[in-house]
Each structure stands twice: as structure tokens, then as C-alpha cells.
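Student: I would like to learn how to read the cysteines of a structure, both those that are bonded and those that are not. Could we work through one case together?

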Amino acid sequence: MGSLTISLSPLRSSSLFFVILIVVCIFLSLLPHSVHSQCKNAPIIFNFGDSNSDTGGLVAGLGFPINLPNGRTFFGASSGRFSDGRLVIDFLCQSVKASFLRPYLESLGPTFRNGVNFAIAGSTTLPKFVPFALNVQVMQFLRFKARSLQLAAAGGFGNLINDEGFREGLYMIDIGQNDLADSFSTNLSYVQVIKRIPSVIIEIKNAVKTLYDQGGRKFWVHNTGPLGCLPQKLSMVKRSSNDLDPYGCLSSYNDAARVFNEGLRHLCDEMRSEMKDATIVYVDMYAIKYDLISNTTKYGFSSPLMACCGFGGPPYNYNIKVSCGQTGSQACSEGSQYVSWDGIHYTEAANTIIASKILSTAYSTPRTPFDFFCRG
């Protein structure tokens, strides 16, 4: 992979990288529930979602190639993640001393003793019964649980999650972004997109209700980020200048995301009243991510609407025909100050700050620390 031509002197580039490093270190040092977590027994985690939390499901399930430079920053090789390094879910797992989640469809290696990741890139809530819609991910969980308990009862199988593990597990859900994006991509009007949102919310409720009926009592729900700030959308969507907000993001796309998030917040409130013995935490990912875009220099970043890895150069460096990792794509130098990795997903540097803000509990309702879910 080549490097993007960036009009920064080596000295200035090095200085900006140093600023990012200092900011990240400060954030991590302030987290009482991450690096200094008192978690003795990591929670068993079951995750459902899309590429924002896919730790290799697309590769395992379809053999889809996710090549270097994906994974270059932390793993030193492709890890099946759409990022140069760790995702937010990886940092959350590390904060409670849990192993990284392995994808459900991984055929070699994982024991799944610490949980399972059912998230797969491209997933939506609707339509149902297509790979890998949310209800399909839940069905996969039901199969996984039944088979685990069956094998445990038969004996002779170690490292299996038992019934208590499923009851005490943490169930994480991060989905909905693709439902909005796909609706806009089919040329639905803003009003038509908004009308579809209640159906998406219902599918998330159905998923949580099914997991609750299976004994799950601990839920962690992420809302969706500012869709209109993704370089992919900005490079592909025809719009007028009055559809851009002060930071250069698509107002209509972000407005739709906020409507979805408000519906999801109300759903979580509703489910808390209906499932009084459950803990349901709603996390405002939109506020966290939009803050990175709108106050980018505060965190040591620049070019918040431009992809680090892609094709085409400024202003967005995104071309759907030459995505990151494909022949012809180019990546910025390691340590560069980018929020967006590939035009859709975030860099490890950005994910570090996002995770730190999640762990602060300032964006959670109720303000429940993540290590609350540790066992024992």
C-alpha cells in the first residue's frame, strides 16, 4: 500500500502524532473503570450487531477478504476487523480483562468460554431471515445456547458456558446504522426513511425480549452514530450546500440518525418498566462520535471527514470501487491524525477515545459502569 500525499512537513506530522498520543494517554489515565478496573471475573459477553462490532464474522462466515492495511496498528495483520486496529468492543472487553470476542462462525480455534460475537458487517434488522439480520443472529444464539447446554449435560466437554453463564451474561446490541443507510441508498425520501424507523425499533425490542425470555437480564445497547459525517456518504450522496451542517456533515442523514436514537432511547425506557428485574443501559454513541467530528482539534485530529485508507484524495478519499485493502487503495502513514479509517469505520486512535468516553459513564443511561457486569 502506498501513502497519501499529505501537505505536512515531517516535523509537523510528528508533532501532531505526539499530541494524539498525549490525549489518548490522558483519557486512559482518567478512567476508573478501564485500565484500573477491579474486575476479578470477566463477564461472559454475547454481542449482536454490524461492522461497528464485527471482530471477524464476515471473514469467518463468507470468507470475505479484509486485507492489510486493516489491522496494521495493533494486530500487525488482518484480524477481520474494518479498522487499522481495535474496535470499541475490543477496548470494552479489555477494560474488564476479558479476551477479545471471537465470531460465532469461526470454525477453528475459539472455545467461546468468555462469550460469542454474532455481529457481522452489513447486518440490518430488516428484512428478517436473511443473512445476517438481527433476528438471524438471535436464532444463532438460540442454537448456540441449546447446543452448549446439550453437550454440557452429556459430559466430557470442557470450557462450555453453563446455564448460569447464560443467565449472568452481558447481552450487547449495536445495530441500526445499515437500516438507515440502506433506506437512503434506495432513494427513499427523508420522510419515507423516518417512517421505517419504528419497524426497526420493533425488531430490536423483539431481539431483547427473546434474550430476556431466555434468562438474560443484563443488556447494553448502543445507539447509532452520525451517519451524515461518514466520508462514504459525503462522497456518494448528491446534495445541495444547504444540506450540510456547520461541520460539513449531511444534515438529513444525521437528523434521521437522531430520530432513530430517540426512538431507541424511548424503547429502553419502556423495556426497563416492563422488565423490572433487568439492567438495560443505553449508550449515546452519536453524542460521542459527533463530538469527535465537531471538536476534532481538541483531540489532536485533523481532516475528520476524510478517510485514512481509500482512494481519490481530498476531500473525502473514498471511492466505492477501490475500498481500503483493495488494489489501488492508499493508506495514510501510521500514526496520522485521522478519525475515519476507511470512510465508514473509525481508526483505532478514534476508537480509543470513544471507548474512554463510554467507560466514563457520562453518556450512559443509567450511568452504569461497564465493570458492573463482572462476575463475582
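Tutor: Let us begin with a single cysteine of this predicted model. Burial is judged by relative accessible area, with under 20% counting as buried, and C332, at 2% relative accessibility, is therefore buried.

Student: Which cysteine is joined to C332 by a disulfide?

Tutor: A disulfide is called when two cysteine sulfur atoms lie within 2.5 Å. In this case the partner of C332 is C308, with an S to S distance of 2.0 Å, and C308 is likewise buried, its relative accessible area being 2%. The torsion about their S-S bond is -90°, and the link is left-handed.

Student: Where do C308 and C332 lie along the chain?

Tutor: C308 sits in the loop between α10 (285-294) and β7 (309-310), while C332 sits in the loop between β8 (330-331) and α11 (348-359), so the bond ties together parts that are 24 residues apart in sequence.

Student: How many disulfides does a search of the whole structure find?

Tutor: The search finds four. When the bonded cysteines are counted along the chain, their pattern reads 1-8, 2-3, 4-7, 5-6.

Student: What does the disulfide of C39 and C374 tie together?

Tutor: The sulfurs of C39 and C374 are 2.0 Å apart. C39 is in the loop between α1 (10-29) and β2 (45-49), and C374 is in the segment after β9 (364-365), so this disulfide connects parts separated by 335 residues in sequence. The torsion about the S-S bond is about -120°, so the link is left-handed. C39 is buried at 5% relative accessible area, and C374, at 15%, also counts as buried.

Student: Is the link of C229 and C249 left-handed or right-handed?

Tutor: With 105° about its S-S bond, the link of C229 and C249 is right-handed. Its S to S distance is 2.1 Å, and both C229 and C249 are buried.

Student: Why is C268 not bonded to the cysteine with the closest sulfur?

Tutor: The closest cysteine sulfur to that of C268 belongs to C93 and is 20 Å away, which is too far for a bond. C268 is buried, with a relative accessible area of 0%.

Student: How buried is C93?

Tutor: C93 has a relative accessible area of 1%, so C93 counts as buried. C93 is in no disulfide, and the nearest cysteine sulfur, that of C39, is 11 Å away.

Conventions. Residues numbered from 1 in each chain as written. Predicted model: local features only at pLDDT ≥ 70, side-chain atom pairs only at ≥ 80, totals over all residues. Heavy atoms only, no water. Helix = DSSP H or I, 4+ residues; strand = E, 2+ residues; numbered from the N terminus. Buried < 20%, exposed > 50% of the residue type's maximum accessible area, 1.4 Å probe, protein only.
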